[in-house]
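I set out to record how two helices of this model pack, then to look up its nonpolar cores and two single residues. The entries follow in the order in which I made them.

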Amino acid sequence: MSPDDLKKQAAARALELVTPGMRLGLGTGSTAKHFVDLLGARVAEGLDVLCVSTSEVTEAQARALAIPMSTLDETPELDLTIDGADEVDRELRLIKGGGAALLREKIVAAASARMVVIADDTKLVERLGRFPLPIEVVPFGLEATRRAVLAAMATAGAPGELVLRRRPDGSILLTDGGHYILDAHPGVIADPERLAAALSAIPGVVEHGLFLGLASAAILAGKDGLIVLGNLG
């Protein structure tokens, strides 16, 4: 079974959590894309849901599938968000932002009564930090912010390289909000809460990819079947 097949398995299990009338948050990324495809098929069969997307890419996908869409201004409270993750540990702490949508993903997750993560089981780690930690920053004062982030990482016991994310053509990647992303490479994050607090205190940092205390469950698909962490509710 391919990694893509495993992602589809996790997405299909998450779809079973959706009931008529739900207000849903739709994540961004390769696994979340499968969930949106499956949800679109259910909507075509008559399922009544109202959704908020976490990125322009997901918004376009959902609208192409005729999934009813809203905004967080119109629908500020959501019942359930289904989203992927770049890493998840057994305490349901996440690294997200590989798709450059971490700011909207975190806002939507925080507005949801439940957030369920879907991924293949290679994303399960004992300690976060193998995947680069995305940090969304404002373009103004980039070098000053970069130095402050490096200092915060060292103070939090997670020193490492910072790389400004670029597109394949070499241009600087801009998020949907017009910000830059610095990818941090600490290797291992021994104390995610400490690092998150240190990064949040830097004025030029818009948001970081540590999602702590937001996920209520994770569905991880592997060759031996599904692993569920937390409570699917």
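Entry 1, helix packing. I worked on a predicted model. I looked up the handedness of the crossing of H2 and H3 and found it right-handed. I then took the geometry, since two packed helices are described by the angle between their axes and the distance between the axes. The axes of H2 and helix H3, residues 56-64, come within 9 Å and cross at roughly 20 degrees. Angles under 35 degrees count as roughly parallel, so I entered H2 as roughly parallel to H3.

Entry 2, the residues of that contact. I listed Lys33, Val36 and Asp37 on the H2 side, which meet Thr58, Gln61 and Ala62 in H3. By character, the residues of the contact of H2 with H3 divide into 2 nonpolar, 2 polar and 2 charged.

Entry 3, His34. I stayed in helix H2, where His34 is found. Is His34 buried or exposed? Its relative accessibility is 12%, and buried means under 20%, so His34 counts as buried. Leaving aside neighbours within four places in sequence, I found His34 in contact with Asp4, Lys7, Lys8 and Ala11.

Entry 4, the largest nonpolar core. I recorded 28 residues in this core, and those with the most contacts inside it are Val18, Leu24, Leu26, Phe35, Leu39 and Val49. The elements that give two or more residues to this core are helices H1 (3-15) and H2 (30-44) and strands E1 (23-26), E3 (78-83), E6 (112-120) and E12 (217-222). The largest share of this core comes from H1, with 5 residues.

Entry 5, Leu39. I asked which residues Leu39 touches, not counting residues up to four places away in sequence. I obtained Leu15, Val18, Leu24, Leu26, Leu47, Val49, Cys51 and Ile67. Apart from the largest core I noted another core, of 22 residues, among them Ile95, Val125, Val137 and Leu162.

Entry 6, Ala221. I located Ala221 in strand E12. Its relative accessible area is 0%, and I therefore entered Ala221 as buried. With neighbours within four places in sequence left aside, Ala221 is in contact with Leu6, Gln9, Ala10, Ala119, Asp120, Asp121 and Leu226. As a last item I looked up the separation of Ala221 and Ala158: they are 63 residues apart in sequence and 30 Å apart in space, C-alpha to C-alpha.

Methods
Residues numbered from 1 in each chain as written. Predicted model: local features only at pLDDT ≥ 70, side-chain atom pairs only at ≥ 80, totals over all residues. Heavy atoms only, no water. Core = buried A, V, L, I, M, F, W, Y, C linked by side-chain atoms within 4.5 Å. Buried < 20%, exposed > 50% of the residue type's maximum accessible area, 1.4 Å probe, protein only. Helix = DSSP H or I, 4+ residues; strand = E, 2+ residues; numbered from the N terminus. Contact = heavy atoms within 4.5 Å. Axes fitted to C-alpha atoms, helices over the stretch in contact; angles between N-to-C directions. Parallel < 35°, antiparallel > 145°, perpendicular 65-115°, else oblique. Left-handed = near helix turned anticlockwise from the far one by under 90°. Nonpolar A, V, L, I, M, F, W, Y, C, P; charged D, E, K, R; others polar.
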